Amino acid sequence: MNVNEIYLDGYRNYIDTTAHFINGVNVITGRNAQGKTNLIEAIYYLTSGRSFRPASDKELIKFDTETACIRAGIVSNEREQTLEARIFRGRRRHLFANDVKLKKAAELAGRLTAVLFSPDDLTLIKDGASVRRKMMDNCLSQLRPGYLAALTEFNKLYEHKTRILRDYHEKPSLLELLDDYDLRLAEQSAKLIYYRAAFAEGLSKRAAKIHDEFASGTETLSITYKTVGRIDAEGKKPSELLPLLLRHQAEHRNAELRSGLCLSGAHKDDLEIEINGTPARKYASQGQARTASVSIKLAERDIHYDDKNEYPVLLLDDVLSELDSKRQNFILSRIKEGQVFITCCEDTVIEALHNGNTLRIEKGKIIA
Ligand code: ATP
Ligand code: MG
């Protein structure tokens with residue numbers, strides 16, 4: 001999987017610009033605020049039809065411009081393809097694959113897959129559980145077709161059930177629906193938990209190994225999947241999980257009615273991350289958090305590869321800062337296969353990459 005070239009017009013600070021990439025390491029350098037992250041963001045946009053930054057589509061359009069275009073030539077499953085996004089101010093954007101207009105963004109799935117590290121991914125270590133669930137959801141949606149369907153159904157049922165729990169005081173007849181919603185919700189939870197437990201097991205093994213090398217054996221990373229009610233999900237099929245989830249739900253029925261909140265289900269899941277046996281969320285240093293989150297991303301990439309026999313594109317935005325030179329060199333040693341985009345402000349790093357292609361960016365222009 002790789003991106004051969006990208007054309008940007010009216011996107012962020014780019015006007016009518018084409019960049020060519022190699023199927024190896026592409027180093028994107030330049031001073032601050034020149035457009036390095038914008039370029040990574042444009043590539044990412046074509047994987048899912050959205051930015052990884054909290055930006056609405058109209059913020060992606062260049063100031064004083066009406067439309068933005070991102071168009072890329074890629075190779076996916078050994079086939080050349082083109083992907084294109086046209087974003088309009090005040091109108092719905094259009095997505096195209098091989099010049100055919102797509103009905104929805106979900107149709108982009110699987111064409112260009114990418115694993116991204118951005119400095120915001122430190123939240124993976126430092127923030128609450130929802131960030132880690134989202135990471136599992138993103139990854140599993142790309143890997144397992146059944147997962148996205150189960151997640152969509154789960155989210156719908158969760159919303160309905162929450163509405164019942166909130167509104168039944170005014171409309172007691174709603175309570176008659178609760179048993180049915182509980183069962184359907186538990187069925188979808190069982191599927192999600194089944195996939196997540198297997199994913200977490202693979203991720204945990206790979207990430208621990210990467211982190212160990214990354215930190216030259218001075219730190220151990222452990223990732224443990226946690227679901228509700230201390231249920232041990234490892235190796236259990238959805239049919240084995242279902243009765244356990246139904247029991248947990250039943251035990252929480254009264255508390256749910258009292259609080260008006262849905263207290264049982266896959267929306268409570270988390271990945272517990274520890275470094276050297278202490279919770280990383282509370283105790284990890286900046287460098288440790290970065291090391292752990294990069295290890296998780298590299299592990300994610302290996303999972304994709306083992307599954308699809310093709311590396312997803314690796315997008316590394318500002319990954320090297322805050323790391324000592326040993327850890328920086330580790331990252332550079334780990335990106336010798338597949339296509340990689342790595343942004344950095346310094347030229348020194350580039351020297352370590354003998355066969356890298358360097359693109360220097362100045363004010364939205366590609367200089368070299
Ligand atoms: P750093 O090294 O600081 O991370 P960078 O090269 O990654 O910098 P980017 O985030 O890619 O920088 O680009 C930032 C520049 O893009 C800013 O100067 C910003 O004003 C400009 N920019 C962002 N959105 C738009 C837009 N919609 N229209 C025009 N310019 C924009
Ligand atoms: Mg940047």
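1. In this predicted model, the short strand β7 is a place to start. Val 100 of β7 is the bridge partner of Ala 97. The two strands involved, β6 and β7 (residues 100-101), pair in the antiparallel sense over two bridges. They form a hairpin with two residues between the strands, and Asn 98 takes a positive phi near 50 degrees there.

2. Strand β6 also takes part in a second hairpin, this one with β5. β5 covers residues 79-88 and β6 covers residues 91-97; their pairing is antiparallel and runs over five bridges. Within it, Leu 83 stands opposite Ala 97 of β6. Ala 97 is thus a residue to look at twice, since Val 100 in β7 is its bridge partner as well. Two residues separate β5 from β6, and Gly 90 in the turn has a positive phi of about 75 degrees.

3. Strand β1 (residues 2-9) can be followed to two partners. With β4 (residues 67-76), β1 pairs in the antiparallel sense over seven bridges, and Asn 2 stands opposite Val 75 of β4. With β2 (residues 17-20), β1 is again antiparallel, joined by four bridges. Here Tyr 7 has Thr 18 in β2 as its bridge partner.

4. Another group of strands makes up an open sheet. Six strands belong to this sheet, in the order β8-β12-β13-β3-β14-β15, and the pairing is mixed. The edges are β8 (114-117) and β15 (365-366), each of which pairs on one side only. The partner of β8 is β12 (residues 313-316): these two strands run in the parallel sense over four bridges. Leu 116 has Leu 315 in β12 as its bridge partner. For a reader tracing side chains along such strands, a general point applies: in a regular strand the side chains alternate between the two faces of the sheet.

5. Ligand 1 has 16 residues around it, and those that come nearest are Ala 33, Lys 36, Thr 37, Asn 38 and Ile 61. Helix α1 (residues 36-48) gives the largest share of this shell, with three residues. By class, the shell has four nonpolar, six polar and six charged residues.

6. Several polar atoms of the protein can be placed against ligand 1. An oxygen atom of the ligand is 2.9 Å from an N or O atom in the side chain of Asn 32. For the side chain of Arg 53, the distance from an N or O atom to an oxygen atom of the ligand is 3.4 Å. Glu 59 takes part through its backbone: a polar backbone atom of Glu 59 is 2.9 Å from a nitrogen atom of the ligand. Taken alone, ligand 1 exposes 660 Å², and the protein buries 74% of that.

7. Where is the centre of the largest pocket? About 980 Å³ of space lies in this pocket. Its lining is made of 35 residues, and Tyr 44, Arg 50, Phe 52, Lys 134 and Asn 138 are the closest to its centre. The elements that give two or more residues to the lining are α1, β8, α3 (123-126), α4 (129-143), α5 (145-167) and α9 (286-308). Of these, α4 supplies the largest share, nine residues. By class, the lining divides into 16 nonpolar, 11 polar and eight charged residues.

8. Two elements already met return in that pocket. Helix α1, which gives three residues to the shell around ligand 1, is among the elements with two or more residues in the pocket lining. Strand β8, an edge strand of the open sheet, is another of those elements.

9. How many cavities of 30 Å³ or more does a search of the whole structure find? The search finds one. About 30 Å³ of space lies in the largest cavity. Its lining consists of Leu 185, Ala 186, Ser 189, Leu 245, Gln 249, Ser 264 and Gly 265. Helices α6 (178-214) and α7 (238-259) each supply at least two of these residues, and α6 provides the largest share, three residues. The lining has three nonpolar, four polar and no charged residues.

Definitions and conventions:
Residues numbered from 1 in each chain as written. Chains lettered and ligands numbered in written order. Predicted model: local features only at pLDDT ≥ 70, side-chain atom pairs only at ≥ 80, totals over all residues. Heavy atoms only, no water. Near = heavy atom within 4 Å. Polar contact = N/O pair within 3.5 Å; in protein donor to acceptor, adjacent residues only side chain to side chain. Areas by Shrake-Rupley, 256 points an atom, 1.4 Å probe, with all protein chains shown as cover. Nonpolar A, V, L, I, M, F, W, Y, C, P; charged D, E, K, R; others polar. Pairing = 2+ DSSP bridges. 1 Å grid on protein atoms, 1.4 Å probe; cavity = no way out; pocket = protein on both sides within 12 Å on 5 of 7 lines; lining within 4 Å. Points joined across faces, edges and corners; volume = space filled by probe spheres on them.
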